[in-house]
Amino acid sequence: MGRPQRIAILGAGPGGTATALELIAAGVDPGDLVLIDKARFPRPKLCGGGITVRGTEWIARVLGARPEGGGTTNGLEFRCELGAFEVRERGPQWVFDRGELDLALLEACRARGVEVREETNVTALEPAPSGWRVRSGSTTETFEWVVGADGANGLSRRASGLRGGITGRLVEAVFEPVSADTKPGTLIFDFDPILDGIPGYAWVFPFPDPARRDGLFKIGVMDGRGVVAGDVLRRWTEDYAARLGYRLVDSKIHGWPERYFDAGVQGHRPGLVLVGEALGIDALLGEGIAPSLEIASYAASRLRRALDDRSATIAGYETGFLATAEGRNLWFQARLADRLYGRHPHRWLRVLFGMPYLRALAGSGREAYGRLAQHVPALCARYVLEIARRGAPSAAPITRAARPAGTSRTAFAESRDVQ
Ligand SMILES: Cc1cc2nc3c(=O)[nH]c(=O)nc-3n(C[C@H](O)[C@H](O)[C@H](O)COP(=O)(O)OP(=O)(O)OC[C@H]3O[C@@H](n4cnc5c(N)ncnc54)[C@H](O)[C@@H]3O)c2cc1C
């Protein structure tokens, strides 16, 4: 028998595997790590599978190449009743079947010498004199450090009593186009649900490969505040898909929660850190893969230093993360979510779709998507200028106006006053 491992990583989704890979890259002995997951991989994970550029770059850097499967998209499109605009990043986005992607990341950990325990459900977690006791079945082990990477509703947050962010509710299923005007290369984000009182957006993502003309699509809706009943979200999704010309392929529409990051969330107790969605993801767009990879990079660097210092505590784990580009971005996305999914969603939809500077930034192909926080001063200045010129956008409900057949959303928007 080898010597006991020092660090247990609970959860082998992208948050957990990325932390293991980053710890190894930082010089931690793989023999000190054990990855524990209750599932057997490849496991199903409800997810659109869209990965934006900071995620694709992370994966390419750490794995050396794009894993098998999935495909590259042409870009993103944001739309609502008021119009549509393109969001261009400075590099490729991928879509992946999460079963395949998460397995590739797990195999990379195994190949680097990490012990992986699948089908091991952790049922209890409690502080010990030096570390944490981790129980699964009749086995209890003590680890110097626990990395809580067990997702939105994981045990690690509950057991450590750390404060979490808002929990959203999402539903999703695979659909096939029947009479739909498809855009297979594009990740579509549609803020249509806001018109029906759902604080979130719907997505239409190609699946499994955007390059296939005969491909299927994942369609779902996010309730970013967790206030709408699951069966209402399911009915809404089915109606929305039918309106667009899609038919359900899956046997049912599945639901799963998401937990969002915000400034007040806590992610550290002596000997324990939360990563990935256990810490919190993008509150505006529900993006979790790229944020989980970036949180993992941060957590691994802090944990590495704590190991070097033989310290069980990481001073300012949360504030340190807020000072990173990803931390600032997640904080800013939470501010935008408070507005778009808050008291005056129609006003903020008018801002999002009516502000020329924002649209230009989105389409610029610069580091804007996922890094809007760095443009805050310019965004605020332009917003104030717009208000001085045109007055504050109305908060009145936006109604579904009949868009004449053959009129594009963009042309239609230009013919209407988005104020
Ligand atoms: C419907 C839907 C669509 C989404 N679409 C996208 C998208 O297109 N793009 C995007 O970037 N993000 C998307 N997300 C978010 C994304 O899926 C998550 O944020 C991401 O998976 C978080 O990674 P993670 O590793 O932190 O957690 P997870 O991927 O949830 O992994 C947690 C792991 O912990 C394991 N685990 C949990 N409890 C225990 C336990 N007690 N013992 C042992 N193991 C345990 C689980 O089995 C799981 O494997 C979507 C989410 C939903 C719900």
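This report covers aromatic ring pairs and charge-over-ring contacts in a predicted model.

## Aromatic pairs

The model holds 16 aromatic pairs. One of them joins phenylalanine 191 and tyrosine 201. Their ring centres lie 5.8 Å apart, and the planes meet at 45°. That geometry makes the pair tilted, because the angle falls neither under 30 degrees, the limit for stacked, nor over 60, the limit for edge-to-face.

Phenylalanine 191 and tyrosine 201 both lie in the loop between β14 (186-190) and β15 (202-207). The two are ten residues apart in sequence, so the pair ties together separate parts of that loop.

## Tyrosine 201 and its second partner

Tyrosine 201 also pairs with tryptophan 203. Here the centres are 5.9 Å apart and the planes stand at 55°, so this pair is tilted too.

Are these residues buried or exposed? Phenylalanine 191 and tyrosine 201 are both buried. Tyrosine 201 has a relative accessible area of 5%. Tryptophan 203 is at 5% relative accessibility and therefore counts as buried, the cut-off being under 20%.

## The cluster

Which residues make up the aromatic cluster that includes Tyr201? Its members are Phe78, Phe85, Phe189, Phe191, Tyr201, Trp203, Phe205 and Phe353. The two tilted pairs described above, Phe191 with Tyr201 and Tyr201 with Trp203, involve members of this cluster.

## Arginines over tryptophan rings

Two tryptophans carry an arginine over the ring face. Arginine 66 sits over tryptophan 94, at 5.9 Å from the ring centre. Arginine 339 lies over the face of tryptophan 348, also at 5.9 Å from the ring centre.

Notes
Residues are numbered from 1 along each chain as its sequence is written. This is a predicted model: local features need pLDDT of at least 70, side-chain atom pairs count only at pLDDT 80 or more; totals for chains, interfaces and linings use all residues. Side-chain values use heavy atoms; hydrogens and water are left out. Rings of Phe, Tyr and Trp (its six-membered ring) pair if their centres lie within 6.5 Å; planes under 30 degrees apart count as stacked, over 60 as edge-to-face and the rest as tilted. Helices (H or I, at least four residues) and strands (E, at least two) are DSSP runs, numbered from the N terminus. Buried means under 20% relative accessible area, exposed over 50%, partly exposed in between (1.4 Å probe, protein chains only). A charge sits over a ring if NZ of Lys or CZ of Arg is within 6 Å of the ring centre and within 35 degrees of the ring normal.
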